[in-house]
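Biologist: I have the sequence and the fold open side by side and would like to walk through them with you. Could we begin with the strand at the start of the chain?

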Amino acid sequence: MGRTTVEAFAIGPNGTRKLEFLVDTGATLVGLPPEDIEALGLPMVHNGRRKVLTATGVIEQETYSGSIRLNGEVTPALVSEAPVPLIGVEVLQLLGLKVNLVTHELEKPGEDEIPYMALLL
């Protein structure tokens, strides 16, 4: 298994930041370091404290509201704190993308493939 990284833009009320994101198909939300969340001015989601499964176990975190621009398309995104920028399956689903496990690039799924969120149901 390899690593898939993409350049994308995190967008908030205070502007836009171009970042290199690790695509994490085990994550649901977008993850950003606290300094990026603060610099972008991302607002906390009302009653947005959630339990999040991390590599170190389940923790409770605040979530924030932002947007992600990837491959020229923009989608709203729920954001939680992470040590490195991460893109989870929620953004992939909203943009209709999947990870190609051979090329480690994002691509549109074929007509005969099941979307990520359908696999979670």
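Biologist: Which residues of strand 1 lie on its covered face, and which on the uncovered one?
Modeller: This is a predicted model, and in it the covered face of strand 1 carries Val6, Ala8, Ala10 and Gly12, whereas Thr5, Glu7, Phe9 and Ile11 make up the uncovered face.

Biologist: Why do the two sets alternate like that?
Modeller: In a regular strand the side chains point by turns to one face of the sheet and then to the other, so an alternating list is what one would look for.

Biologist: What does strand 1 pair with over eight bridges, and in which sense?
Modeller: Its partner over eight bridges is strand 2, and the pairing is antiparallel. The two strands are joined by a hairpin through two residues, and within the pairing Val6 stands opposite Phe21 of strand 2.

Biologist: And how many bridges are there to strand 6?
Modeller: Strand 1 and strand 6 pair over three bridges, also in the antiparallel sense. There, Ile11 has Ser67 of strand 6 as its bridge partner.

Biologist: Back to Phe9 for a moment: which charged end sits over its ring?
Modeller: That is the charged end of Arg69, placed over the ring of Phe9 at 4.2 Å from the ring centre.

Biologist: How many aromatic pairs turn up in the whole structure?
Modeller: Zero, when the whole structure is searched for them.

Biologist: Let's go to the interior. How many residues are in the largest nonpolar core, and which have the most contacts inside it?
Modeller: The largest nonpolar core has 23 residues, and those with the most contacts inside it are Phe21, Val30, Leu32, Ile68, Leu70, Ile87 and Leu106. At least two residues of this core come from each of strand 1 (5-12), strand 2 (15-23), strand 3 (30-32), helix 1 (34-40), strand 6 (64-70), strand 7 (73-81) and helix 2 (89-95).

Biologist: Take Ile68 from that list; what does it touch further along the sequence?
Modeller: Setting aside residues up to four places away in sequence, Ile68 touches Ala8, Phe9, Ala10, Phe21, Val30, Glu73, Val74, Thr75, Ala77, Ile87 and Val91.

Biologist: Now some polar residues. Is Thr4 buried or exposed?
Modeller: Thr4, in the segment before strand 1, counts as buried because its relative accessibility is 4%, and the cut-off for buried is under 20%. A polar atom of its side chain lies 3.5 Å from the backbone oxygen of His104. Apart from neighbours within four places in sequence, Thr4 is in contact with Phe21, Leu22, Val23, Val99, His104 and Glu105.

Biologist: How far is Thr4 from Gly41 in space?
Modeller: The C-alpha atoms of Thr4 and Gly41 are 27 Å apart, and the two residues are 37 apart in sequence.

Biologist: And where does Asn14 lie, and how far is it from Gly41?
Modeller: Asn14 lies in the loop between strand 1 and strand 2, and its C-alpha is separated from that of Gly41 by 5.3 Å, although their positions lie 27 residues apart along the chain as a sequence separation. Asn14 counts as exposed because its relative accessibility is 56%, and its side chain reaches the backbone oxygen of Ala39 at 3.4 Å. With neighbours within four places left out, the contacts of Asn14 are Glu38, Ala39, Leu40 and Gly41.

Biologist: What about Gln61: buried or exposed?
Modeller: Gln61, in strand 5 (residues 57-61), is buried, with a relative accessible area of 11%. Its side chain reaches the backbone oxygen of Glu81 at 2.9 Å, and beyond four places in sequence Gln61 is in contact with residues including Gly48, Arg49, Arg50 and Val52.

Biologist: Last one: which side chain makes a polar contact with that of Asn100?
Modeller: The side chain of Glu107 does, at 3.0 Å. Asn100 is in strand 9 (residues 98-100) and counts as buried at 15% relative accessibility, and its side chain also reaches the backbone nitrogen of Val102 at 2.7 Å. Leaving out neighbours within four places in sequence, Asn100 is in contact with Glu105 and Glu107.

Note on methods: Residues numbered from 1 in each chain as written. Predicted model: local features only at pLDDT ≥ 70, side-chain atom pairs only at ≥ 80, totals over all residues. Heavy atoms only, no water. Core = buried A, V, L, I, M, F, W, Y, C linked by side-chain atoms within 4.5 Å. Buried < 20%, exposed > 50% of the residue type's maximum accessible area, 1.4 Å probe, protein only. Helix = DSSP H or I, 4+ residues; strand = E, 2+ residues; numbered from the N terminus. Contact = heavy atoms within 4.5 Å. Polar contact = N/O pair within 3.5 Å; in protein donor to acceptor, adjacent residues only side chain to side chain. Pairing = 2+ DSSP bridges. Phe/Tyr/Trp six-rings, centres within 6.5 Å; stacked < 30°, edge-to-face > 60°. Lys NZ or Arg CZ within 6 Å of the ring centre and 35° of its normal.
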